[in-house]
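Colleague: Could you take a close look at one part of this model for me? I'd like the charged pairs walked through, with whatever sits around them.

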Amino acid sequence: MLKVLLVEDETLVKVGINSLVNWRDMGFKVVAEGSNGEHGLSLIKEYQPDLVITDIVMPKMNGIDMMRKAKEYNPDITFIILSSYNEFDLVKQAMKYGAWDYILKLNISEESMKEMLINVKEKIISSNKKINDETMPIVYDTQSTSIMRQEFLKSILENNFDDRKYIDAKLPSMKLELNEAMMKVGLVNTNLYLTESKYNDKDLKLLDFMIIEILNEIGNEFFNCYFLKLSFGAYVMVFSPEVPAKSHETDRQIKIMGNTMLEMLKKYINIDAAISISDTYDSYLSLPQALAQAKEAMDILFYKGYGSIIFFDDVSEKNSGYGSKQINLKESLPKAIEICDLTLINNIFDSIVYNIQSANMSKHEIYELCNQTFCLCDIHLGEEWQIDSKAQIEDKPAVETVYKLQTLREILEFIENYRNRMNNFLGRKHDDEKHNLVWGAKKYIINNCMGTPKLKEVADSLNISAGYLSSIFTKYTGMCFTDYVNKVKIDEAKKMLKDGQRKIYEISYLLGYENACYFSKIFKKITGCSPTEFIKNTVSDNLYN
């Protein structure tokens, strides 16, 4: 027999655990009970238990300190932690010090305890070669009824069955307390994804488990409910209302249940969530359709935000983004960044936010607008900004981060945060006088590109010498003054060529080139093609777009 020590200051909890299972049949023997950490530590030294089941918060010495000291004395002891919902940080600390697993006190059942003991027994036997296998004659199925139910419901929800034969054959052993004539599917979507970078895989698994436990406990206070994980941070609920499907009382109870879930998830785990509910169905084979409805209703989360309870019945017009006005940032944003005009940059960001909030944009269009904005900023602000930006958003590009956000509010907050970081970044550069002079020169060239801005002319406008401007301009831009002037002129030429209102020689003259031949030479050097080829390519692109 494996020796077990219980350490818990609440007598009722100890009595409950002691009487919950037949310890001998499971291959265990409770050799002693402690009432606090100090008492528990002395019993560990006296009885040399294989397994210690302990509370965390106890008088004299807490469970974590007891476990840490016991591990110094005997590192082979296995610990299981008893915890409450509001002790996540303590459980996390206990797991760090080597606890094998944990049990939520309010959810201890015969089934969960048996499953835990089966698994921990296998762990102890495999790690302790001194234990004779003959002392463990009982072998149990490691898959509990609860797990089998989850797998069964998951198979149905994934539409793995074409007919009822398999379902009818399995139903009796599943012992599902569902009224098949009245079944609904709910979807609980959380912002747990925001915590991914804060916790390791073990912590996230713990959070995941605690969420399901909270949902399960609350859900079954109202209806017969079964929960399973759909994906990271998203959970499916299959349940049966006890009153007619279209009853106002059913909707009222669902709202009370949902609000309680939302409140408890926020209170105990500090995560936000939204809940969507399908119509009522009268067959297990219809559950995939019910899940599809719950997912469709959950799409409204993007606009309504967390804290919502959304019924499929209430989802009428979806926001398709018809009539939305797309913003073209490809010219305005790079130009504003080029001359580091913070006022212009912020005006552009104001326009982006206004359009997202007011222009009836679809979810897809909003993501695409963000993608365009952040890509342009990353490209034109350069490598220093990219390194600085990634360092502030957990080493991930802004584009990658924004696609993970699930609500409009989160996206708007992210845009505002991004804008503030960019303002700070450019503001630091504004403190450098040489940067300011170079930006001033760029601004002068851009505003006067239709003429022929000379180095001395630009330097005079900045009250510095031509030699000094030439030196700092090359250092801060990576190109000489003349090359930059040509680049600006050719960018302007491309706009006029696309517009198609002027001949090539007219554009050459307007931009201050001596003749069209010299203009074409400079154009090809910078773009890789002649003005004529550029026009042909533009016409071709327009035909296929």
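**Salt bridges up close**

Modeller: Let's start with a lysine: Lys442 is buried, at a relative accessible area of 12%. Keep in mind that this is a predicted model. The side chain of Lys442 makes a salt bridge with that of Glu338, at 3.6 Å from N to O. That pair ties together distant parts of the chain, since Glu338 belongs to helix α12 (residues 332-338) and Lys442 to helix α18 (residues 433-447), 104 residues apart.

Now for a pair within one helix. Arg252 and Glu249 join their side chains in a salt bridge of 3.0 Å, N to O. They sit 3 residues apart in helix α9 (residues 248-269), so about one helical turn separates them. Arg252 is partly exposed, with a relative accessible area of 42%, and Glu249 is partly exposed too, at 33%.

Next, Arg164 and Asp168: their side chains form a salt bridge at 2.8 Å, again N to O. Arg164 comes out as partly exposed at 24% relative accessibility, and Asp168 as partly exposed at 40%. There's a third member here, because salt bridges with shared partners join Arg164, Asp168 and Glu180 into one network.

What's the general idea behind such pairs? Side chains of opposite charge can pair up when their charged atoms come close. For the full tally, the structure holds 14 salt bridges, and those described here are among them.

Definitions and conventions: Residues are numbered from 1 along each chain as its sequence is written. This is a predicted model: local features need pLDDT of at least 70, side-chain atom pairs count only at pLDDT 80 or more; totals for chains, interfaces and linings use all residues. Side-chain values use heavy atoms; hydrogens and water are left out. A salt bridge is a side-chain nitrogen of Lys or Arg within 4 Å of a carboxyl oxygen of Asp or Glu. Buried means under 20% relative accessible area, exposed over 50%, partly exposed in between (1.4 Å probe, protein chains only). Helices (H or I, at least four residues) and strands (E, at least two) are DSSP runs, numbered from the N terminus.
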